[in-house]
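Here are some exercises to work through with the sequence and the model side by side. Try each task before you read its solution.

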Amino acid sequence: MSSTFTTDLHQAVADVCQRHEFGLLSRLMLIAEVVEENGELGLLIGTSPKDMPRWDRVGLLQFALMDLATPSGDSDEGDEL
């Protein structure tokens, strides 16, 4: 993934977070399913900063999974989109 893509992605998400008053964006991890031109499914994984260590990416995923596993209404943390 190019550094231009990473910079553009970070800026776009930071702008959306700011417009919706979610606070300042520190780090992000994007996981998206994409359909390639030949019709095959692919996985797009991006991080910002681009050189985010593997342990940091795993930590963000674990934090998100814990939040998703919490029954609705019981969590004080996280903002659902």
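## Exercise 1: A salt bridge

In this predicted model, arginine 27 and aspartate 56 form a salt bridge, with 2.3 Å between the closest N and O atoms. Work out which parts of the chain this pair ties together, and how exposed each partner is.

**Solution.**
- Step 1: Place the two residues. Arginine 27 is in the loop between α1 and β1, while aspartate 56 belongs to helix α2 (residues 54–69), so the salt bridge ties together parts that are 29 residues apart in sequence.
- Step 2: Check arginine 27. Its relative accessible area is 35%, and the partly exposed class lies between 20% and 50%, so arginine 27 is partly exposed.
- Step 3: Check aspartate 56. Its relative accessibility is 14%, and buried means under 20%, so aspartate 56 counts as buried.
- Step 4: Look for others. A search of the whole structure finds 1 salt bridge.

## Exercise 2: The overall layout

Give the order of the elements along the chain, and state what share of the residues is buried.

**Solution.**
- Step 1: Count the elements. The chain has 2 helices and 2 strands.
- Step 2: Read them from the N terminus. The order is α-β-β-α.
- Step 3: Turn to burial. Of the 81 residues in the chain, 14% are buried.
- Step 4: Consider the surface. About 6700 Å² of the chain is exposed, and 55% of that comes from carbon and sulfur atoms.
- Step 5: Consider the contacts. Taking those between residues at least 6 apart in sequence, 34% join residues at least 24 apart.

## Exercise 3: The two sides of α1

Find which residues of α1 are buried, and decide how they are arranged around the helix axis.

**Solution.**
- Step 1: Take the dimensions. Helix α1 covers residues 3–19, and its 17 residues reach 24 Å from first C-alpha to last, close to the 24 Å expected.
- Step 2: Recall the geometry. An α-helix has 3.6 residues a turn, so residues three or four places apart point the same way.
- Step 3: List the buried residues. In α1 these are Thr6, Leu9, Ala14 and Cys17.
- Step 4: Look down the axis. The buried residues of α1 fall within an arc of 125 degrees, so they line one face of the helix.
- Step 5: Turn to the other side. There, Thr4, Thr7, Gln18 and Arg19 are exposed.
- Step 6: Find the cover. The buried residues of α1 are covered by parts that include β1 (28–35) and β2 (41–48).

## Exercise 4: The hairpin

Describe how β1 and β2 pair, and say which residue of β2 stands opposite glutamate 33.

**Solution.**
- Step 1: Take the direction. β1 and β2 pair in the antiparallel sense over 8 bridges.
- Step 2: Find the partner. Opposite glutamate 33 stands leucine 43 in β2.
- Step 3: Follow the turn. The two strands form a hairpin with 5 residues between them, and glycine 39 in the turn has a positive phi of about 90 degrees.

## Exercise 5: Backbone exceptions

Most residues other than glycine have a negative phi, and most peptide bonds are trans. Locate a residue other than glycine with a positive phi and a cis peptide bond.

**Solution.**
- Step 1: Check phi. Glutamate 21 has a positive phi near 60 degrees.
- Step 2: Place the residue. Glutamate 21 is in the loop between α1 and β1, and at 73% relative accessibility it counts as exposed.
- Step 3: Check omega. The peptide bond from serine 48 to proline 49 is cis, with omega near 10 degrees.
- Step 4: Place the proline. Proline 49 is in the loop between β2 and α2.

Notes:
Residues numbered from 1 in each chain as written. Predicted model: local features only at pLDDT ≥ 70, side-chain atom pairs only at ≥ 80, totals over all residues. Heavy atoms only, no water. Helix = DSSP H or I, 4+ residues; strand = E, 2+ residues; numbered from the N terminus. Expected span 1.5 Å × (residues − 1). Buried < 20%, exposed > 50% of the residue type's maximum accessible area, 1.4 Å probe, protein only. Arc of directions from axis to C-beta. Contact = heavy atoms within 4.5 Å. Salt bridge = Lys/Arg side-chain N within 4 Å of Asp/Glu carboxyl O. Areas by Shrake-Rupley, 256 points an atom, 1.4 Å probe, with all protein chains shown as cover. Pairing = 2+ DSSP bridges.
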